[in-house]
Amino acid sequence: MSLDYVKFTPGFGKFMPKEYRDMVEHGPFGKKTSVSQVGTFKEILEEHPMCAGCAMTLFIRLAIISFPNPEDTITVGTAGCGRLAISQAAIPFVYGNYGDQNGVASGLSRGLRLRFGDRPKDVVVMAGDGGTADIGFAQTLHSWFRKEKFTTIMLDNEVYGNTGGQESGMTNKNQVLKMAPLGKKFEKMDMLGMAKVAGCAYVATVVPNNPRRVESVIKKAVLIAREIGPTYIQAYTSCNIEYAIPTDKVMEDAKEVENDRYKFSEYITDEAKQYLGELYGYKEYLPKPAAAVAKS
Amino acid sequence: MYLVANIDQSICAATSCKLCTQYCPEANTIQYDNEAGKDKGFKYGAAYVAVDRCKGCAQCVWVCDNMAKHHAIKMEMIDQIGDAALTENITYHDKNTKAVLASPLKG
Ligand SMILES: Cc1ncc(C[n+]2csc(CCOP(=O)(O)OP(=O)(O)O)c2C)c(N)n1
Ligand code: SF4
Ligand code: SF4
Ligand code: SF4
Ligand SMILES: [Mg+2]
C-alpha cells in the first residue's frame with residue numbers, strides 16, 4: 001500500500017521474472033499514466049485465463065489503467081468471470097464469497113481510513129451482474145444506504161457467464177439463454193435508479209468501445225468515493241460465449257447495444273461536482289466566472 | 001497451429017493512430033515502437049504484436065479495418081509469420097518500447 005511494495009528486496013531483482021522487473025521499472029506506479037499511453041508502459045494487469053476477445057477483459061484492462069493512484073488501490077471481487085483477470089494484477093485483490101463483495105469492501109474501506117487517516121486508499125469492487133444485483137443485492141444496496149465510501153463496478157454481461165448461461169436480474173426480458181430456454185419473464189433490473197435512490201454520489205453507464213470514456217468515468221468514480229460517498233459504474237461487458245458473439249464482432253455488438261439500450265449516462269451530485277472542481281481541477285465543474293454567467 | 005495478429009508496420013507507420021492497442025483485451029500485447037519506420041521516412045513509429053500474449057480474437061483487425069480504416073493487421077498462422085515480438089525480447093524505454101524479433105516457435 002505504498003510505492004515500496006512493488007520494489008525488490010535488495011539483491012533479489014535479477015532473480016525475478018522479466019514481467020516483474022518490467023513492472024517495477026516501467027509500471028505505472030507513482031506516475032500519471034493514461035489510456036492514450038498504452039503500449040508504452042508495463043500494465044498492472046497480467047496474462048489471465050478469461051476467454052479470447054471478451055469485452056469484460058477489455059473493460060477490466062482499461063479500468064485498471066485508469067485507477068488514479070494504483071499504488072494505493074485495492075480491488076474486491078467475487079465469483080464470476082471477472083475475478084479470473086482482476087486477481088492476475090499487481091495490486092492487492094480481495095476475494096469475497098459470492099455476493100459478499102460490498103460487505104467486505106465496507107469493512108476494508110473503513111479499516112483503511114482508521115489506519116491511514118487522510119491518506120487516500122481507494123477500494124474498488126468489480127463484480128458481475130449476478131454477483132451485484134442478484135446474490136449480492138442486499139449487501140450492495142445496504143452499502144449504498146450506509147454511504148460507504150468506495151466504488152462499485154458492475155461487469156454487466158447480462159448473464160451468469162462463469163456457470164454457463166443462467167439468466168440474471170440484469171438479463172433483458174424475453175432473452176433466451178442456454179439455461180433459460182423459455183426466455184426471461186421479467187424486465188432488466190433498474191440498478192441505476194436504485195443507486196440514485198440509495199444515495200450514490202456518482203452513477204454512470206459505460207461501454208468499453210470508448211476507452212477514453214471508460215477512463216474518465218473510472219477516475220471520477222474513484223476520486224468521488226474518497227470523500228463524498230458511494231459511486232456506481234454499470235458497464236456493458238458482453239459475453240461472447242453465452243451470447244454467441246464472434247470475437248471479431250465484439251466491438252460491433254458493443255456499439256449496437258450502446259445505441260440501443262446502453263447509452264452513456266452520468267449522474268453526479270452537486271457536492272461531488274464541487275469537490276472534483278475544487279480539489280482535482282475539473283474545469284467543467286467549477287462555477288462559471290461572473291462574466292460568462294452574465295453572457296449566457 | 002493457431003492464428004495470431006500480425007501488423008504490417010509499413011502501413012501502420014504511415015499513420016500510427018494507436019487505436020488498436022486501446023481495444024486489445026489483453027494487456028501489453030499490442031505495443032508501440034517510436035522508431036519503427038523512421039528508416040523509411042515515417043515519423044511516428046508503429047505498433048507491433050507480442051505474439052506470445054495474443055489470444056487470436058481479431059478484435060484489433062476489426063478496429064484497424066473499421067475504426068482506423070488503415071487495414072494494417074491480418075490474422076496469420078503463428079508458424080507463417082517468421083520473426084515476431086515476444087515478451088522476453090521487449091525492452092521498455094521512457095514512453096516507448098523496442099522488440100528484438102525472434103521466431104516464436106524456436107526455443
Ligand atoms: C454462494 C455461491 N453460489 C453459487 C456459486 C456459483 N457461481 C459461481 S460464478 C456464478 C455466476 C456468476 O455470474 P455473474 O456474477 O453475472 O458473473 P459473470 O460470470 O457473468 O461475469 C455462480 C452462480 C458460488 N460460487 N457461490
Ligand atoms: S464466459 Fe463470457 S464473460 Fe466469461 S470470460 Fe468467457 S466471454 Fe467473457
Ligand atoms: S489501428 Fe492499425 S494503423 Fe492504427 S496503430 Fe493499430 S495497426 Fe497501426
Ligand atoms: S488478436 Fe486479439 S489478443 Fe491478439 S493482438 Fe489482436 S486484439 Fe489483441
Ligand atoms: Mg454476468
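In this predicted model, the largest pocket has a lining of 21 residues, and those nearest its centre are Ile7(B), Gln9(B), Ala47(B), Tyr48(B) and Leu101(B). The volume of the largest pocket comes to about 340 Å³. Several elements of chain B give two or more residues to this lining, namely strand E1 (3-7), helix H1 (9-13), strand E3 (46-49) and strand E6 (96-99). Sorted by class, the lining of the largest pocket consists of 12 nonpolar, four polar and five charged residues.

Enclosed space was examined next. Five cavities of 30 Å³ or more are counted in the model. The largest cavity has a volume of about 80 Å³. Its lining is made up of 15 residues, and Cys24(B), Cys54(B), Lys55(B), Gly56(B) and Cys57(B) are the ones that lie nearest the centre of this cavity. Readers who like to think in residue classes will find 10 nonpolar, three polar and two charged residues around the largest cavity.

The second largest cavity holds about 70 Å³ of space. Its lining can be given in full: Ile7(B), Cys12(B), Thr15(B), Cys17(B), Lys18(B), Cys20(B), Tyr32(B), Ala47(B), Cys64(B), His70(B), Ala72(B) and Ile73(B). By class, nine of these residues are nonpolar, two are polar and one is charged. Two names will be familiar from the opening paragraph: Ile7(B) and Ala47(B) belong to the lining of the second largest cavity, and both are listed among the residues nearest the centre of the largest pocket.

Attention now turns to chain A and a pair of helices that pack against each other. Helix H2 (residues 55-66) of chain A and helix H8 (residues 211-227) of chain A have axes that come within 9 Å and cross at roughly 50 degrees. H2(A) and H8(A) are therefore oblique to each other, and their crossing is right-handed. On the H2(A) side, the contact is made by Phe59(A), Leu62(A), Ala63(A) and Ser66(A). The H8(A) side contributes Pro211(A), Val214(A), Glu215(A), Ile218(A) and Lys219(A). Taken by class, the contact of H2(A) with H8(A) has six nonpolar residues, one polar residue and two charged residues. The polar residue is Ser66(A) of H2(A), while the charged residues, Glu215(A) and Lys219(A), come from H8(A).

Terms used: Residues numbered from 1 in each chain as written. Chains lettered and ligands numbered in written order. Predicted model: local features only at pLDDT ≥ 70, side-chain atom pairs only at ≥ 80, totals over all residues. Heavy atoms only, no water. Axes fitted to C-alpha atoms, helices over the stretch in contact; angles between N-to-C directions. Helix = DSSP H or I, 4+ residues; strand = E, 2+ residues; numbered from the N terminus. Parallel < 35°, antiparallel > 145°, perpendicular 65-115°, else oblique. Left-handed = near helix turned anticlockwise from the far one by under 90°. Contact = heavy atoms within 4.5 Å. 1 Å grid on protein atoms, 1.4 Å probe; cavity = no way out; pocket = protein on both sides within 12 Å on 5 of 7 lines; lining within 4 Å. Points joined across faces, edges and corners; volume = space filled by probe spheres on them.
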